[in-house]
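New to this one? Take a look at the model first, and then we'll chat through it.

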Amino acid sequence: MGQVGGIDVLVRSSWLIVAVLISVLIAPAIEQVAPGLGAWTYVAGGAFAVLLYLSVLLHEISHALMARRYGLPVRSITLHFLGGVTEIDGEPDTPGREFGVSVVGPLTSVAIGLVFLLLLPVTPSGLLELAVEMLATANLIVGVLNLVPGLPLDGGRVLRAGVWKATGDPHRATIVAGWGGRVAAVAALGYPLGRELVTGQPTLISDYVLALVIAAFLWSGATAAIVSAKVRRRLPVLAARQLARRALQVPGDQPLSEAVRRAQEERAGSILVLGQDGRPTAVVSEAAVLATPDERRPWIPVSSVARTLQPGLFLAADLVGEPLIRAMQRTPASEYLLLEPDGTVYGVLVTEDVDRAFARAA
Ligand SMILES: [Zn+2]
């Protein structure tokens with residue numbers, strides 16, 4: 001749709017459907033305050049929908065600006081049928097910043113709602129009054145509902161910041177806030193029925209459908225957060241240095257059988273192929289060695305079962321946890337060469353070893 005302060009603003013097509021729905025739903029109210037508009041009633045309704053989404057956009061912009069203040073690059077803001085999402089690269093590194101980035105959105109909505117609420121008594125009656133009333137109500141609802149303490153809502157991130165601050169464990173905090181989101185999902189699902197039981201007024205089918213959509217949105221968002229926190233909690237145990245295999249360094253024309261024999265003799269778990277200048281140029285693939293029958297091994301050079309070391313296959317030996325996984329994901333391979341800060345070879349990191357260590361950490 002455009003850019004705000006260098007941030008792309010995207011609008012999902014699902015938004016259009018809801019905009020049409022809003023203009024239809026609000027048409028009777030418009031008809032009441034401004035009768036006789038004819039087809040213009042729906043145009044006015046569409047304008048109301050745009051105003052609603054503009055206030056959602058302000059909510060998202062406040063998240064984006066706060067994230068940017070903390071040095072987190074903001075990719076885009078997307079408006080979809082249930083509101084908006086601000087796409088931020090990385091995460092706040094302290095509970096305080098997490099709190100700031102998440103709480104500013106609902107506070108912005110509440111502030112906008114209060115401004116319109118204050119404008120209401122001085123607004124002339126008619127269409128304008130209806131618009132101001134609607135914007136006050138909608139923003140206050142969006143602000144307050146987003147403070148419900150469960151992921152994926154902003155309030156869930158506020159709760160996460162609090163638990164993180166109290167326990168020092170960001171992953172446990174995510175799991176707690178995720179469960180908050182699941183409780184909120186169940187509450188949303190039960191709300192129409194509870195209201196019917198309390199007030200005695202029958203609930204519309206559409207209310208049940210809406211409750212189901214919201215509950216599904218909350219439950220899936222909460223579950224995704226819990227799952228990713230459980231995975232990420234296990235990552236810090238993965239240290240490249242501890243998982244490394246000692247590497248035997250051989251010239252490329254050495255027969256495979258000889259290289260394997262020497263590696264076993266020297267208890268090296270991997271083999272590096274050296275170039276003319278004596279620096280490693282390729283790493284032998286364990287899978288390719290295993291696929292080569294014993295009787296053929298004396299006749300093929302070790303270089304023929306090695307993968308040339310391209311830039312992404314050199315990793316720092318000090319990598320640990322998430323940075324290590326990210327570096328491996330950038331260039332997927334079965335083996336990596338680990339280097340000391342001074343450029344000397346520390347050893348070889350085998351992806352299978354990392355997978356196994358990760359499974360053990362479960
Ligand atoms: Zn928000």
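Here are a few questions and answers about this predicted model.

Q: Which residues donate atoms to the zinc ion?
A: Let's go by the donor atoms, which lie 1.9 to 2.7 Å from the zinc ion. Two of them are NE2 atoms from histidines, and D154 shows up twice with OD atoms. Along the sequence, the donor residues follow the spacing H-x3-H-x90-D. So, with donors counted within 2.8 Å of the metal, the residues are H59, H63 and D154.

Q: Is the site of the zinc ion tetrahedral or irregular?
A: For four donors to count as tetrahedral, all angles have to lie between 85 and 135 degrees. Here the angles among the four donor atoms run from 53 to 149°. That makes the site irregular.

Q: How far apart along the helix are H59 and H63?
A: Both sit in helix 2, which spans residues 40–69, and both are buried. Because they're four residues apart there, the separation is about one helical turn.

Q: Is E60 buried or exposed?
A: E60 is in helix 2, and an "active site" annotation in the unreviewed UniProt entry covers it. Leaving out residues up to four places away in sequence, E60 touches I77, G84, V85 and T86. Its relative accessibility is 6%, and the cut-off is under 20%, so E60 counts as buried.

Q: What percentage of residues 131–174 is helix?
A: According to the unreviewed UniProt entry, this stretch is one of the parts covered by "domain: Peptidase M50". Its end C-alpha atoms are 38 Å apart. Strand makes up 0% of the stretch, while helix makes up 80%.

Methods:
Residues numbered from 1 in each chain as written. Predicted model: local features only at pLDDT ≥ 70, side-chain atom pairs only at ≥ 80, totals over all residues. Heavy atoms only, no water. UniProt positions renumbered as here; feature names shortened; annotations may be inferred. Helix = DSSP H or I, 4+ residues; strand = E, 2+ residues; numbered from the N terminus. Donors = N, O, S within 2.8 Å, 3.2 Å for Na, K, Ca; no water. Tetrahedral: all angles 85-135°; square planar, octahedral: opposite > 155°, others 65-115°. Buried < 20%, exposed > 50% of the residue type's maximum accessible area, 1.4 Å probe, protein only. Contact = heavy atoms within 4.5 Å.
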